[in-house]
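Subject: Structure for you to look at

Dear colleague,

Here is the structure I said I would pass on. My notes on two parts of it follow below.

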Amino acid sequence: MLFDYQRKRFDTILDRLMAALPDDLQQRLEEIPLIVDDEPPPHLLRKMKLDNKRTELCGLHWGTPLTHRSVLQTSRLPDRIMLFRGPIIRVTAHLASLEDQIRITLLHEIGHHFGLDEDDLRRLGYG
């Protein structure tokens, strides 16, 4: 369970990181909702076949990467980027500062939106 001060600290850092993104990237991301929850919802974990207990799923890009879209796709749900405070905070205790982990997770999910796969992201230091 997250405390209000953890949420506030997390959200303050995330706001600062979002504001620091290059202007052209910010514009490209304006139409993609960024959803921040304390934990991944159970239905999402079930769909992904992940354990409900204390998952380390820090974020998720849900949608079709730009590089996989086709003009033949007539209808699709809008993409979204999700970040999960609890797992990011838990992972931070072992790996990096909270700001570094939020940045890595945010850029990782943005990378998926633009078509980067896990190998690409690992090579860039976001995996």
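This is a predicted model. I begin with a pair of helices, H4 and H5, whose axes come within 9 Å and cross at roughly 125°. An angle over 145 degrees would count as roughly antiparallel, and 65 to 115 as roughly perpendicular; H4 and H5 are therefore oblique to each other. Their crossing is right-handed. On the H4 side the contact is made by Ile88, Ile89, Val91 and Thr92, and on the H5 side by Leu98, Gln101, Ile102 and Thr105.

The other part is helix H1, residues 4–20. At 1.5 Å a residue its 17 residues should span 24 Å, and the end C-alpha atoms are 24 Å apart, which agrees. Gln6, Phe10, Ile13, Leu14 and Leu17 are the buried residues of H1. Seen down the helix axis, these buried residues fall within an arc of 100°, so they line one face of H1. Exposed on the other side of H1 are Asp4, Tyr5, Lys8, Asp15 and Ala19.

What do the buried residues of H1 pack against? Their partners are two strands, S1 (34–37) and S3 (80–84), and two helices, H4 (85–92) and H5 (98–113). H1 thus meets both members of the pair described above.

One residue of H1 to look at is Gln6. Gln6 has a relative accessible area of 19%, and the cut-off for buried is under 20%, so Gln6 counts as buried. Leaving aside neighbours within four places in sequence, Gln6 is in contact with Met1 and Ile89. Ile89 is also one of the H4 residues that make the contact with H5.

Regards

Key:
Residues numbered from 1 in each chain as written. Predicted model: local features only at pLDDT ≥ 70, side-chain atom pairs only at ≥ 80, totals over all residues. Heavy atoms only, no water. Helix = DSSP H or I, 4+ residues; strand = E, 2+ residues; numbered from the N terminus. Expected span 1.5 Å × (residues − 1). Buried < 20%, exposed > 50% of the residue type's maximum accessible area, 1.4 Å probe, protein only. Arc of directions from axis to C-beta. Contact = heavy atoms within 4.5 Å. Axes fitted to C-alpha atoms, helices over the stretch in contact; angles between N-to-C directions. Parallel < 35°, antiparallel > 145°, perpendicular 65-115°, else oblique. Left-handed = near helix turned anticlockwise from the far one by under 90°.
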